[in-house]
Amino acid sequence: MKINGQTALITGASSGIGYELARCFAQDGYNLVLVSRNTDRLNEIANEFTQQYGLGKVTVVGADLAQPDAPQRVYNEMNNQGIRVNVLVNDAGFGEYGMFATETDLQKELSMIQTNVTALVHLTKLFLRDMTTRNEGKILMLASVASVLPNPLMAVYGATKAFILSFSEALRNELKDTDITVTALMPGATNTDFFNRAGADGTVAHKQAMKTDAADVARDGYEALMSGKDKVVSGMMNKAQVAMSRVMPDPFITANVRKQMARPSNGNGQHEKEGKKQMATTGSLVGAVLILGIVALAYYNKARYTDFKLSDLHL
Amino acid sequence: MNGKTALITGASSGFGREFAKLFAQDGYNLVLVARQQEVLQQLSDELTQAHGINATVLAKDLAQPDAADQIYLECQQQGIQVDVLVNDAGLSEYGKFVESDLRKELDTIQVNVTSLVYLTKLFLRDMVARNEGKILQLGSTLSLIPTPLMAVYGATKAFVLSFTEALQNELNDTNVTLTILMPGAADTDFFNKAGAEDTKVYQDTKLSKPEDVARDGYEGLMSGVPRVVSGFKNKVQAVGAGMLPGSLMAAAMRDLMEPYDPDAERKKKITQYTIAGVVAAGVLTWLALGRNRRSDWN
Ligand SMILES: NC(=O)c1ccc[n+]([C@@H]2O[C@H](COP(=O)([O-])OP(=O)(O)OC[C@H]3O[C@@H](n4cnc5c(N)ncnc54)[C@H](OP(=O)(O)O)[C@@H]3O)[C@@H](O)[C@H]2O)c1
Ligand SMILES: NC(=O)c1ccc[n+]([C@@H]2O[C@H](COP(=O)([O-])OP(=O)(O)OC[C@H]3O[C@@H](n4cnc5c(N)ncnc54)[C@H](OP(=O)(O)O)[C@@H]3O)[C@@H](O)[C@H]2O)c1
């Protein structure tokens with residue numbers, strides 16, 4: 001059994017993808033810092049991992065990342081306890097479902113921006129500074145396929161994820177001459193508490209989510225993080241959808257996401273059928289561009305390894 | 001006078017100031033929002049006199065969490081119905097993220113993202129209830145391009161684009177339209193305030209004129225176009241950015257965001273011309289030799 005002495009701090013470790021990511025680290029003998037609001041649950045998880053894997057030390061930090069001072073408090077807590085964070089996982093996040101103009105809750109959306117965007121930037125700033133001093137460290141950002149697909153009925157949520165991807169890619173470029181890597185994990189709909197908490201239960205996307213295990217998504221993210229990749233889209237269909245977004249006009253992409261966000265209501269036969277139809281349309285659409293997607297990905301992989309400079313264009 | 005009212009944030013400078021003029025020319029009443037009260041008051045006096053419109057000045061700091069709420073309340077108290085909302089106020093901070101000023105970046109998020117969402121929520125609700133209204137959001141070509149050395153700013157503009165496109169879809173069945181204006185680098189106070197006045201993009205590329213950009217945005221807004229990329233070069237860039245991988249775009253943008261070094265640029269150009277010259281000379285020589293040889297054979 002391996003104990004590696006390194007510490008990973010994971011926000012949103014109490015549930016879903018964050019919980020499964022924490023498990024990946026626990027299995028590899030990392031010390032853990034588990035951050036979220038629900039400290040009861042975090043303590044349970046700490047016990048579970050200690051019993052199951054018994055390798056590293058597990059520290060629980062209760063924090064509501066919708067509070068502006070939370071990132072600084074988490075950081076101070078690490079300093080007080082003399083914990084050096086080698087890996088930062090910015091996973092905590094949530095959504096809010098409904099029509100922005102008439103249905104969604106503004107307070108929840110403001111908290112969402114604070115948690116998904118502001119706290120993520122703030123935590124990254126604090127821990128990245130120390131990583132830079134040591135020239136060592138890894139950061140995982142929870143983006144989403146929604147980072148590249150505008151998300152009707154979750155307009156603010158999708159935009160927070162677009163923020164995260166842009167930020168991660170810019171940061172990665174800034175750090176290219178260091179030993180610090182930034183990785184963006186882009187899951188599609190995944191079977192976690194996310195949809196319930198967002199009030200998006202019963203949507204087509206929620207039904208799709210049932211088929212994707214948080215553990216698999218976490219594994220993809222963990223491996224990409226460990227090998228220092230810039231980003232990883234988890235799942236074949238999601239890869240295709242992301243590739244498609246590069247070549248299709250935005251209104252078309254957006255309308256397609258809208259269908260996935262719809263709620264085939266009341267189990268009423270008619271609606272069920274419609275839901276199925278929507279899924280089939282989405283499915284065949286995605287299928288039709290699958291080849292295109294593979295080509296795009298192949299191109300992308302090639303492009304990643306060429307050191308591109310703007311001056312090349314001037315020639 | 002057309003009896004309608006446009007609320008413009010960031011009206012004290014740059015694009016926002018130009019928008020105020022355009023609306024006033026078309027007879028709109030104005031609500032002018034920014035921090036610099038005197039500058040707004042001057043503009044207000046100017047425009048009310050020149051065009052016989054009404055203007056209200058609201059000096060607010062949109063980096064404050066309650067600013068959007070206050071703006072909405074004051075409009076209500078003064079009985080002002082906002083028919084057009086222009087979310088223009090914005091700022092940036094320049095530098096490597098690990099060194100840049102956190103406070104300024106948090107303000108950037110609050111102004112460019114949070115207050116924009118907040119104002120959109122409050123005024124859009126009423127617009128949808130009346131089934132009429134127009135909103136202009138200030139994106140940027142950087143909405144599509146991860147931006148090293150302005151990592152947070154670029155991300156705020158990516159947010160604005162995604163948010164706006166999602167809302168455009170949600171509002172499909174209404175008469176309310178949302179337009180996003182995506183300018184490239186323009187000659188406003190923006191780069192100075194960001195501490196980015198020495199960058200290559202500011203020093204060594206052709207900057208758009210704020211009045212041209214505002215005109216494009218205004219026309220797009222009035223005709224309810226979803227997306228306006230101002231300027232031909234920027235249109236080309238936007239099409240490319242949509243299709244190219246983020247890492248590639250980030251690398252290209254990094255080059256433009258580096259400090260401008262005229263000597264290095266000159267050397268780079270000399271090298272490029274030299275290489276081009278050598279290649280051309282080589283090709284010519286080869287052609288000439290080929291000819292000669294052929295003539296030998298004849
Ligand atoms: N599920 C999906 O389909 C999907 C797809 C793409 C991306 N993602 C992203 O994946 C990440 C994890 O989501 P999930 O699917 O695993 O959802 P989840 O099961 O609901 O877990 C969300 C986690 O975030 C934490 N969190 C939420 N608000 C918080 C706050 N104010 N302060 C501190 N922690 C907070 C929660 O902890 P507490 O409640 O204990 O505070 C919980 O641990 C999110 O960033 C989400 O956007 C999810
Ligand atoms: N210039 C460019 O190259 C460029 C390119 C693409 C997009 N944009 C976007 O265009 C918009 C306008 O920028 P600009 O180029 O016209 O820059 P600018 O000349 O610097 O004007 C910025 C405006 O925003 C206001 N503002 C800034 N912080 C504020 C705060 N905390 N509270 C209230 N108002 C605030 C300023 O007013 P006070 O200082 O009086 O508060 C000013 O009126 C921004 O959203 C910017 O991101 C600019």
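Contact here means heavy atoms within 4.5 Å. By that yardstick, 55 residues of chain A are in contact with 55 residues of chain B. Keep in mind that this is a predicted model, where local features need pLDDT of at least 70, side-chain atom pairs count only at pLDDT 80 or more, and totals for chains, interfaces and linings use all residues. Residues are numbered from 1 along each chain as its sequence is written, chains are lettered from A and ligands numbered from 1 in the order in which they are written, and side-chain values use heavy atoms, with hydrogens and water left out.

**Where the chains meet**

Buried area is the accessible area (1.4 Å probe) that two parts lose on being put together, summed over both. For chain A and chain B that comes to about 4,800 Å², with carbon and sulfur atoms giving 67% of it. On the chain A side, A:F100, A:K125 and A:E174 lose the most area to chain B, together 15% of what that side buries.

Three salt bridges cross this interface, a salt bridge being a side-chain nitrogen of Lys or Arg within 4 Å of a carboxyl oxygen of Asp or Glu. One of them joins A:D250 to B:R227, whose closest N and O atoms are 2.9 Å apart.

Helices here are DSSP runs (H or I, at least four residues), numbered from the N terminus. Helix 5 of chain A gives the most to the side that touches chain B, with 14 residues. That side of chain A divides into 28 nonpolar, 15 polar and twelve charged residues; Ala, Val, Leu, Ile, Met, Phe, Trp, Tyr, Cys and Pro count as nonpolar, Asp, Glu, Lys and Arg as charged, and the others, Gly among them, as polar.

**Around ligand 1**

Now for the ligand. There are 32 residues around ligand 1, and A:S15, A:S36, A:R37, A:Y157 and A:T192 come nearest; to be near, a residue needs a heavy atom within 4 Å. The shell splits into 14 nonpolar, twelve polar and six charged residues. Helix 6 of chain A gives the most to this shell, with three residues.

Here are some N or O distances between ligand and protein:

| Ligand 1 atom | Protein partner | Distance |
|---|---|---|
| nitrogen | A:D64, side-chain N or O | 2.9 Å |
| oxygen | A:T192, side-chain N or O | 2.6 Å |
| oxygen | A:F194, polar backbone atom | 3.5 Å |

The protein covers 97% of the 880 Å² of accessible area that ligand 1 has on its own, with accessible areas coming from the Shrake-Rupley method with a 1.4 Å probe.

How values were computed
A polar contact is a pair of N or O atoms within 3.5 Å; within protein, one must be able to donate a hydrogen and the other to accept it, and residues adjacent in sequence count only if both atoms are side-chain atoms. Helices (H or I, at least four residues) and strands (E, at least two) are DSSP runs, numbered from the N terminus.
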